[in-house]
Structures are given as structure tokens and as C-alpha cells.
Amino acid sequence: MEGELRLEKGIPARLTVKEGRKFGLVVGGAFLLLGGISHWRGHNIAPLVMWGLGGALVLGGLLIPGHLGPVNRAWMGLAHQMSRVTTPIFMGLVYFVAITPTGLIVRALGKNPLKHRIREGSYWITHESSPEGPSTMSRQF
């Protein structure tokens, strides 16, 4: 597809030691935390899986952080695919839950923000000129 961000160009196959350590510790720590929450909620298998993944990532981040590039690439690919599904759903909810009711309420009150009032026989709005004059271009915005 033209104009689409190509993920494989944005994530290098090999991470620096700092990037690999950060990825391993953050994502591994998140898996360990989620495993603890799952265990607290009384699950049996899910905490073991999450603790295994989290422990492997934390150990990888501590021992071989420069070699976590393929794992990082797979993780980002999964995140990209998830965002292709969740983003349209979220934006649709925002539109139908927030924007549409706001528009309906504004219309029910008889207001139309796109319709301008005629001032002194014209739609033009007069503005005061700046003291420097329009030709200086020193304050464009």
C-alpha cells in the first residue's frame, strides 16, 4: 500500500544494549506484574505463562540485551496489527458517543456554528490593524 508506514524499516534487527535492556526490563516487568494480578485473581495457567515470558524477557534484558531485536520486532508487529483493529473501533466510539450527541444537542438548541451573522450589511469581519502596519510582516500570526 502506498503511503503506509512500513514497520520493518522502522525497527532495526539488532538493538543497542541500552534499547534492548530497556525493552526487556519494561515488557518483562509488565508481564511479571500481569502474572501477579492474574494469580491474585485465582487463575492457574495464565500466571505461569506470563511469569515465564516476563522472566525470560527480564533475564534477556539483563544478560543479552543486544540480541532482543527480533523479539522487539515481533512485539511491535503485533502492536501494529492490534492497532489496525482497535483504532477504528475507538474512533467510531468517540464519534458516536461524544461528537454526534453534541451535534444533536446544538441543533436541538437551534444553533448553527457554521452560519455567520451579517454585520453592518456584510459578512466581512473588520479587524484593527497592528501599529507596525501590514507591510512589516514581523508578526504574521
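Here are three short exercises on the predicted model shown above.

**Exercise 1. Confidence**

Find out how confident the prediction is along the protein chain.

*Solution.* Start with the chain as a whole: its average pLDDT is 84, and 79% of the residues score at least 70. Next, look at residues 1–5, where pLDDT stays under 50. For this stretch the model has two contacts beyond four places in sequence.

**Exercise 2. Following helix H4**

How far does helix H4 reach from its first C-alpha to its last, and where does it bend?

*Solution.* Step one is to count: H4 covers residues 69–108, which is 40 residues. Step two is the span, which is 56 Å and close to the 58 Å expected at 1.5 Å a residue. Step three is the bend, about 30 degrees at serine 83. Finally, look just past the helix: glycine 110 follows H4 and has a positive phi, near 80 degrees.

**Exercise 3. Two partners of helix H2**

Work out how H2 is oriented to H4 and to H3: roughly parallel, roughly antiparallel, roughly perpendicular or oblique?

*Solution.* Two packed helices are described by the angle between their axes and the distance between the axes. Take H4 to begin with: the axes of H2 (residues 17–40) and H4 come within 11 Å and cross at roughly 55 degrees. H2 is therefore oblique to H4. At this crossing, Phe23, Val27 and Phe31 of H2 meet Val71, Asn72 and Trp75 of H4.

Now turn to H3 (residues 46–63): its axis lies 7 Å from that of H2, at an angle of about 160 degrees. Angles over 145 degrees count as roughly antiparallel, so H2 is roughly antiparallel to H3. To finish, check the handedness: H2 passes H4 in a left-handed crossing, and H2 passes H3 in a left-handed crossing too.

Conventions:
Residues are numbered from 1 along each chain as its sequence is written. This is a predicted model: local features need pLDDT of at least 70, side-chain atom pairs count only at pLDDT 80 or more; totals for chains, interfaces and linings use all residues. Side-chain values use heavy atoms; hydrogens and water are left out. pLDDT is the predictor's confidence in each residue, from 0 to 100. Contact means heavy atoms within 4.5 Å. Helices (H or I, at least four residues) and strands (E, at least two) are DSSP runs, numbered from the N terminus. The expected span of a helix is 1.5 Å times one less than its number of residues. The bend at a residue is the angle between axes fitted to the seven residues ending there and the seven starting there. Axes are lines fitted to C-alpha atoms, for helices over the stretch in contact, and angles run from 0 to 180 degrees between N-to-C directions. Angles under 35 degrees count as roughly parallel, over 145 as roughly antiparallel, 65 to 115 as roughly perpendicular and the rest as oblique. A crossing is left-handed if the near helix is turned anticlockwise from the far one by less than a right angle, and right-handed if clockwise.
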